[in-house]
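Trainee: Could you walk me through this structure, one feature at a time?
Mentor: Gladly; let us look at it together.

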Amino acid sequence: MQKTLIRDILSATSPAREVTVCGWIRTRRDGKGVTFLELNDGSCLTNLQCVVDAGTPALEGLGDNGTGAAIMVSGELVPSPGKGQAWEIQARAITVFGPADPERYPLQKKRHSDEFLRTIAHLRVRTNKYSAAFRIRSEAAYAIHSFFRSQGFYEVHCPVLTGSDCEGAGEMFRVTTLAPGERDLSKDFFNRACNLTVSGQLEAEALAMGLGRVYSFGPTFRAENSNTPRHAAEFLMVEPEMAFADLGDLMDLAENLVHSVTDSLLTSCATDISLFDRFVEKGLIDRLKVIASEPFARITYREAIEILKKSGRDFVYPVSYGTDLQTEHERYLAEEHFGRATIVTDYPREIKAFYMRNNDDGETVAAMDVLVPRIGELIGGSQREERLDLLEHRILELGQQLSDYDWYLDLRRFGTNPHAGFGLGFERLIMMLTGIANIRDVLPFPRTPGNLDF
RNA sequence: UCCCCAAUAGCUCAAUCGGCAGAGCGGGUGACUGUUAAUCACUAGGUUGGCGGUUCAAGUCCGUCUUGGGGAGCCA
């Protein structure tokens, strides 16, 4: 049987004698002579109106099923005489696949709070807001792949299971097959400690040293006890790594990526984004147009400190050279001072990771953070230290063992070159694109401290 | 992990000074209509998050735990 997606039906240019659609009933309105169904199949935001006349086999097939039921409707596609839709289906036959008991089905024909919908994450995709959010997720991922492909990058797949426990990106989840209480790691699956990855960066660097330009796009895990609307224990990270590139190249890449993805989403997800513009964040579309077209502000850490000092603001955390920028500082820079995406570069080496390239001034490293209004840090990256002696010195300075980084140091022993990369938090990008304020609502099944349902 | 706020019907929320547990939506029943957040009438629905305390009397005050939200730290 030929089934048509509602998305395709709604863009029809002519009537059709026989179409078949499948979907879930969103609402049902009964009259004496006619019943109206709003059918949604997830292919797009808009529902398809199905008209079921009284006394027909179609109504008999429908029975008393309403909101939430999964059905198949066959009939004629005709121009709708009513207001509100161009097309409707005059139903000839209806098959019910799965009813939804209205006394127990949690989704009603009304607005629910995000907090309530999180408790039924397995069902919330059947609402307008969440189906739109997850369609945007998919389109954003597609746009990211398209961008990198157009720039000569190859996607690489970095391992989720890692023996490295010293990447310094946060607390790690331990993975083990040992029985509870057993502590002898030599008897564990890998004969050593194993963790879930916090970043594919080190592996991506290795792959960039042969493929030139690569990016990984995969899950990462942080066992931090972070309870904020911007952190999750499992999230996707986009991590490009470029050989023969410096910090300037990296900033251009980050800016072009965000421009490109935002611009293409404004077209490919126009209907879904307009939903968020109306009901979630007023003015979202205008803000996205700015993000898609305006150059990012670019300042050094030193300049950022000067701006903050001159701001006259009474910050909770005092501003001084040498300490990291706090959330309130980042927000001031991106939201108030510049009013657009802002790249801050060249942080003091003491507050950044060991692998970042030392600048010639001896005190800063070639790091960059991309700060976005309302989101905060969307991207963090750096030019990597390609000089073996300086890298070894930095590792030892931090009290770590060179042997732990043996394979990573090989990349500097053989064919080293200036290279750079960053990590982009995919969920934060989706928050930016939708205006959704809580990361738990852009992840289909969010993992946060104490929450492992579904 | 720290600070602040909240928890009452399936959902969203009221309940005055501590004094009879309420509404809208949703559900059920019926009416009506090419309807579109349909409309109208009737109706069912409660151990006020758990435990303990104060009081003649606790949804309301106190302690504690749990859960959720906001802010901070950590970061993407």
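**Reading the fold, step by step**

Mentor: In chain A, 66% of the contacts between residues at least 6 apart in sequence join residues at least 24 apart. Keep in mind that this is a predicted model.

Trainee: How many helices and strands does chain A have?

Mentor: Chain A has 13 helices and 16 strands. Along its principal axes, the C-alpha trace spans about 85 × 60 × 45 Å. Of the 454 residues in chain A, 49% are buried.

Trainee: Which pair of residues could show me a contact between distant parts of the sequence?

Mentor: Try A133, which sits in helix α4. The C-alpha atoms of A133 and I430 are 7.9 Å apart, although 297 residues separate the two along the chain. Not counting residues up to four places away in sequence, A133 touches F276, I430, I436 and D441.

Trainee: Why does A133 count as buried?

Mentor: Buried means a relative accessible area under 20%. A133 counts as buried because its relative accessibility is 1%.

Trainee: How do I read a helix that has a buried side? Let us take α5. Which of its residues are buried?

Mentor: Check the accessibility of each residue, then ask what the buried ones pack against. In α5, residues 201-211, the buried ones are Q201, L202, E203, A204, E205 and A208. They pack against the strands β7 (161-162), β10 (213-221), β11 (234-243), β15 (376-384) and β16, and also against helix α12 (406-413). Just after α5 comes G212, with a positive phi of about 85 degrees.

Trainee: Where is H419, and what is it in contact with?

Mentor: H419 belongs to strand β16, residues 419-425. Leaving aside neighbours within four places in sequence, its contacts include E205, one of the residues of α5 that are buried. Others in contact with H419 are M209, E241, M242, A243, F244, A245, Q383, R384, E386 and R412. H419 is buried because its relative accessibility is 2%. A polar atom of the H419 side chain also lies 2.9 Å from the backbone oxygen of N417.

Trainee: What about a residue in a loop? Is R349 buried or exposed?

Mentor: The approach is the same for a loop: place the residue, then check its accessibility and partners. R349 lies in the loop between β13 (342-348) and β14 (364-372). With a relative accessible area of 14%, R349 is buried. Its side chain makes a polar contact, at 3.4 Å, with the side chain of E397. Apart from neighbours within four places in sequence, R349 is in contact with N358, G362, E363, T364, V365, R394 and E397.

Trainee: Now for pockets. What is the volume of the second largest pocket?

Mentor: With a pocket, look at its volume, then at what lines it. The second largest pocket has a volume of about 580 Å³. It is lined by 24 residues, and those closest to its centre are K110, R111, T127, N128 and K129. Two or more lining residues come from each of β1 (16-30), α3 (114-118), α4 (128-150) and α7 (270-279).

Trainee: Which element gives the most to the lining of the second largest pocket?

Mentor: That is β1, with four residues. By class, the lining has nine nonpolar, eight polar and seven charged residues. Domain 1 (6-105) and domain 2 (124-441) each supply at least three residues to the lining of this pocket.

Key:
Residues numbered from 1 in each chain as written. Chains lettered and ligands numbered in written order. Predicted model: local features only at pLDDT ≥ 70, side-chain atom pairs only at ≥ 80, totals over all residues. Heavy atoms only, no water. Buried < 20%, exposed > 50% of the residue type's maximum accessible area, 1.4 Å probe, protein only. Polar contact = N/O pair within 3.5 Å; in protein donor to acceptor, adjacent residues only side chain to side chain. Contact = heavy atoms within 4.5 Å. 1 Å grid on protein atoms, 1.4 Å probe; cavity = no way out; pocket = protein on both sides within 12 Å on 5 of 7 lines; lining within 4 Å. Points joined across faces, edges and corners; volume = space filled by probe spheres on them. Nonpolar A, V, L, I, M, F, W, Y, C, P; charged D, E, K, R; others polar. Domains from an automatic or database assignment.
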